[in-house]
Amino acid sequence: MGRLEGKVALITGGAGGIGAATAQLFCEEGAAVALVDLEGPALGEAAARIRGQVAGAQVLEIAADVGNEPAAADIVARVLAGLGALDVLVNLAGIRSYEPLAEAKAQTWQKILAVNLLSYAYLAREALPALRQSGRGAIVNVSSTHAVNPRVGMGQYDVTKAGILSMTRTLAFEEAPNRVRVNAVCPGLTLTPFHVRRAMQAGRTENDLRTEQVDHNLQRRWADAREVAFPILWLASDEASFVTASTVMVDGGTRV
Ligand SMILES: NC(=O)c1ccc[n+]([C@@H]2O[C@H](COP(=O)([O-])OP(=O)(O)OC[C@H]3O[C@@H](n4cnc5c(N)ncnc54)[C@H](O)[C@@H]3O)[C@@H](O)[C@H]2O)c1
């Protein structure tokens with residue numbers, strides 16, 4: 001029996017590195033997975049890769065912008081119509097912004113709040129009736145080590161990631177009577193296509209990232225996306241049945 005056998009999971013940001021790795025692991029563990037992403041072609045590629053790697057994988061592709069409030073109800077309706085139930089919501093879609101707080105514009109604030117924070121709230125709200133009905137519903141919100149480890153230059157992003165932790169705890173308290181668990185994962189530096197693309201723009205290679213010594217975590221390296229996917233899997237599974245309102249740091253012991 002897989003660790004998510006018979007469950008249906010919805011993962012936003014499913015075309016990205018951590019999202020796609022999580023989706024593949026969920027499929028390996030027996031879940032049917034709905035993958036949501038803004039980037040249609042990348043979403044198609046991620047879904048095809050999973051189907052190629054996991055025999056019998058059930059993957060529903062939903063191209064949507066989670067930054068639009070009405071999209072949340074539509075996404076959940078499509079999951080229920082396509083897969084018949086919803087047991088696990090993984091909120092993971094995210095964008096970054098590099099303005100120092102002293103220069104942060106209203107437009108970038110609104111965009112990053114809409115995608116990184118409000119999409120988590122709206123999708124949780126729309127998914128909750130089905131998650132309650134599941135009887136073993138779980139929400140896993142993907143935050144960041146920088147929710148609690150401040151740094152210079154990405155304040156808007158870090159604020160949204162801190163907000164996710166607060167939302168996670170409050171929702172866990174509110175939904176405990178309905179047997180819906182709500183937890184957060186805080187990844188540290190994780191080697192995903194996003195970071196590889198940025199490195200290449202700066203004249204570096206994926207191998208440079210893989211072999212460089214990272215100074216600000218105890219493991220002194222980047223994580224692989226699958227190393228972040230495993231804690232998400234655990235929190236989503238019944239193995240974590242007594243775990244709620246928790247934050248799991250998956251950051252190699254980051255100390256910025
Ligand atoms: N990679 C890291 O080092 C790291 C560290 C800490 C936290 N995180 C968080 O983990 C998550 C995944 O990061 P990643 O590096 O794997 O890849 P990423 O940031 O490229 O993935 C995010 C995915 O979300 C999608 N997305 C963005 N805006 C969207 C929207 N409006 N609607 C629907 N989809 C949208 C993107 O297309 C992308 O596929 C993000 O929330 C990120 O903040 C990543």
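A polar contact is a pair of N or O atoms within 3.5 Å. The exercises below apply this cut-off and others to a predicted model.

**Exercise 1. Determine which residues make polar contacts with an oxygen atom of the ligand, taking Arg 96, Lys 161 and Gly 16 in turn.**

Step 1. In Arg 96, a polar side-chain atom is placed 2.6 Å from an oxygen atom of the ligand. This distance is within 3.5 Å, and the pair therefore counts as a polar contact.

Step 2. For Lys 161, an N or O atom of the side chain lies 2.9 Å from a ligand oxygen atom.

Step 3. Gly 16 takes part through its backbone: one of its N or O atoms there is 3.1 Å from an oxygen atom of the ligand.

Step 4. The ligand taken alone exposes 810 Å², of which the protein buries 93%.

**Exercise 2. Describe the shell around the ligand: how many residues form it, and which helices each supply at least two of them?**

Step 1. The ligand is surrounded by 30 residues. The closest are Asp 37, Asp 65, Leu 92, Arg 96 and Tyr 157.

Step 2. By class, the shell comprises 14 nonpolar, 11 polar and 5 charged residues.

Step 3. At least two shell residues come from each of helix H1 (17–28), helix H5 (155–175) and helix H6 (193–201).

**Exercise 3. Examine helix H1: what is its span, and how many of its residues are buried?**

Step 1. From first C-alpha to last, the 12 residues of H1 reach 17 Å, close to the 16 Å expected at 1.5 Å a residue.

Step 2. A residue is buried when its relative accessible area is under 20%. In H1, 11 of the 12 residues are buried, and the helix is mostly covered. Among them are Ile 18, Leu 25 and Phe 26.

Step 3. Just after H1, Gly 30 adopts a positive phi of about 95°.

**Exercise 4. Explain why strand E1 is described as largely enclosed, and state which strand it joins.**

Step 1. Strand E1 covers residues 8–12, and 5 of its 5 residues are buried, so the rest of the structure largely encloses it.

Step 2. In a regular strand, side chains alternate between the two faces of the sheet. One side of E1 carries Val 8, Leu 10 and Thr 12, the other Ala 9 and Ile 11, and all of these are buried.

Step 3. E1 runs parallel to strand E2 (residues 32–37), to which 5 bridges join it. Leu 10 stands opposite Ala 34 in E2.

**Exercise 5. Is Thr 254 buried or exposed?**

Step 1. Thr 254 is located in the segment after strand E9 (247–250).

Step 2. Its relative accessibility is 2%, so Thr 254 counts as buried.

Key: Residues numbered from 1 in each chain as written. Predicted model: local features only at pLDDT ≥ 70, side-chain atom pairs only at ≥ 80, totals over all residues. Heavy atoms only, no water. Near = heavy atom within 4 Å. Polar contact = N/O pair within 3.5 Å; in protein donor to acceptor, adjacent residues only side chain to side chain. Areas by Shrake-Rupley, 256 points an atom, 1.4 Å probe, with all protein chains shown as cover. Helix = DSSP H or I, 4+ residues; strand = E, 2+ residues; numbered from the N terminus. Nonpolar A, V, L, I, M, F, W, Y, C, P; charged D, E, K, R; others polar. Expected span 1.5 Å × (residues − 1). Buried < 20%, exposed > 50% of the residue type's maximum accessible area, 1.4 Å probe, protein only. Pairing = 2+ DSSP bridges.
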